[in-house]
Amino acid sequence: FHTPGPERCRAFGSILEEHHARSSVQAAPKEVIIPVALPHSGLYDWSLRWREVQRPDFVEIGDDMMADWSALSCLSSRPDPSRAAGSRDDPHMACLGIEQLRSREVWRGALMDLAKNSRQSLIHSSVRRNLVEAERRSLLKNFPTAKKIAVVLFGKPDEDFRDWVKQRTRSDYEAAKEQLERRRSSAEAAGEEPPVDDLKEPPEADFPSKMEVSDKVLAHELKNFSLPDKAEGFDEIRYEWADEAGAKAGLLQWLREQKARRIVEGLAPGEWFDKKYKDWKDARRVFQNGQRDFSTRSQGDDSLADKVSAIDLSEVKDPHNADGEGTPIYGNFKYEDWVVLSWRYELHLLSHAFPIDAADSDRLGVPEEHMEHYWRIYYHHHFEPRKLGAANLRDALKVLKEPIQLKETSSGSRILVSTCDRESSIDAFVVSVEAYRRDRCRRIEAGDESAALNIPRQSKAPGPEGKATGKGVMKSAPKTTPKAKPPQPS
């Protein structure tokens, strides 16, 4: 390195421009394959078979390969009880205790630099990344000169592939069993404690592999899953087990099923709901004041109650002045009517706010089984049908009658929908509750005792200012009591 003359060797970084020549041969991969499949439908097995049986010249560059390389390098993971177990899509390299492997961006970037300068053909195996268009586009940009191929693995795999997977799984199990026996024999010969036998017989499933993608990641990315398109940069798209139409139908059906049983991660009430809910709370206070005023005026004057009942509901323009003489249409409301009003309107708001905030065409309503979760997100307290005298949501809707329904979807789940337009006014809800009250009264007078609502009154625990608390507990103006004391709805 220090001998002067034209024959001396220089480090690459210090070679002068006149002392080197550039090769016209550019190092680049020949082909890049992106297999696209749903979780636990054979992607990793297909990739392994492709590399071992069909095209041994291909090299894996997915994240799972790093875990395999680490194992072959005799790097053992150190359990971290503070972290969940890794997946094939997301191996926890930090558990190996090597500083350079703690950051996925660092080792993934280094791996991609090697891949871009490789002259071998490559395959990138990942369930999540290969299902997301933005991830596919980002990956393909690294290989401008290679032939880029998407292999769509949707539909029922062929018999040969399934047989190969089962034979490979059995072979891996037998190899692990033999290794365990050798370790046990060595331990016994050395007088040491034999290793624990934690091997399990391979399951009968077609693709019995470790977790490919975590539930949390899956729930977060569902809305981004799609099939590949040539516009993303692919030169060819192959459909292995189903044609394009079958693959699209399969993805759509799977997404609907997944979304029906999973909550929306990170969902929060949006601007539309916040405004509507504030308007509702403000209107409720106005109703309370109107109730108190009517209670005062109706003392000793039974004719006022009859005056309310005589108002034509179809002509009501202002619920606070329904007849033009200051008579509120809610003048005869009792405790149960205010409860019904609150539940009707708040369920109505939730049914319309959820699809707006979820912003997903496959999530058109709150699933019945997730009602408690989303009610707490929007209203910050538990969903308690017992306050309507009901055991569950379905029984609660029978009490309320309208406008909320449970609609069955194509995936078999039931979602919450409102028959009222999302911009329906609060005044319209008040009028509809009065119509419901009148209908119940007529049926009860005709001898139908089943028309009576058995809504339990909430305990009047003193609130911060000594007032009773509870949901929608405003009282009517009774004819015999001197003054109504409407507790604050929650």
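Buried residues account for 43% of the 490 residues in the protein chain, in a model that is predicted. The chain is made up in part of 14 helices and nine strands, and 73% of the contacts between residues at least 6 apart in sequence join residues at least 24 apart. The surface that the protein chain exposes comes to about 27100 Å², of which carbon and sulfur atoms supply 50%.

**Helix 8 and its surroundings**

- Helix 8 covers residues 244-261, and because a rise of 1.5 Å a residue would give its 18 residues a span of 26 Å, the computed distance of 26 Å between its end C-alpha atoms agrees with that expectation.
- The buried residues of helix 8 are Ala 247, Leu 251, Trp 254, Leu 255, Gln 258, Lys 259 and Ala 260, a set in which Lys 259 also takes part in a salt-bridge network described below.
- The cover over these buried residues of helix 8 includes two strands, strand 4 (147-152) and strand 5 (236-239), together with helix 7 (215-221).

**Salt bridges within helix 6**

- The structure holds 40 salt bridges, and two of those described here have both partners in helix 6.
- Glu 159 and Arg 162 form a salt bridge in which the closest N and O atoms are 2.5 Å apart; the two residues are three positions apart in helix 6 (residues 159-189), which means that about one helical turn separates them.
- The partners in this pair differ in exposure, since Glu 159 has a relative accessible area of 46% and is partly exposed, whereas Arg 162, at 11% relative accessibility, lies under the 20% cut-off and therefore counts as buried.
- Glu 174 and Arg 170 also meet through their side chains in a salt bridge, with an N to O distance of 3.2 Å, and they lie four residues apart in helix 6, about one turn of the helix.
- In this second pair, Glu 174 counts as partly exposed at 32% relative accessibility, and Arg 170 likewise counts as partly exposed at 35%.

**A salt-bridge network that includes Lys 259**

- Asp 360 forms a salt bridge with Arg 363, the closest N and O atoms being 4.0 Å apart, and both Asp 360 and Arg 363 are buried.
- Through salt bridges that share partners, Asp 360 and Arg 363 are joined with Arg 256, Lys 259 and Asp 362 into one network.
- Lys 259, a member of that network, is one of the buried residues of helix 8.

Conventions
Residues numbered from 1 in each chain as written. Predicted model: local features only at pLDDT ≥ 70, side-chain atom pairs only at ≥ 80, totals over all residues. Heavy atoms only, no water. Buried < 20%, exposed > 50% of the residue type's maximum accessible area, 1.4 Å probe, protein only. Contact = heavy atoms within 4.5 Å. Areas by Shrake-Rupley, 256 points an atom, 1.4 Å probe, with all protein chains shown as cover. Expected span 1.5 Å × (residues − 1).
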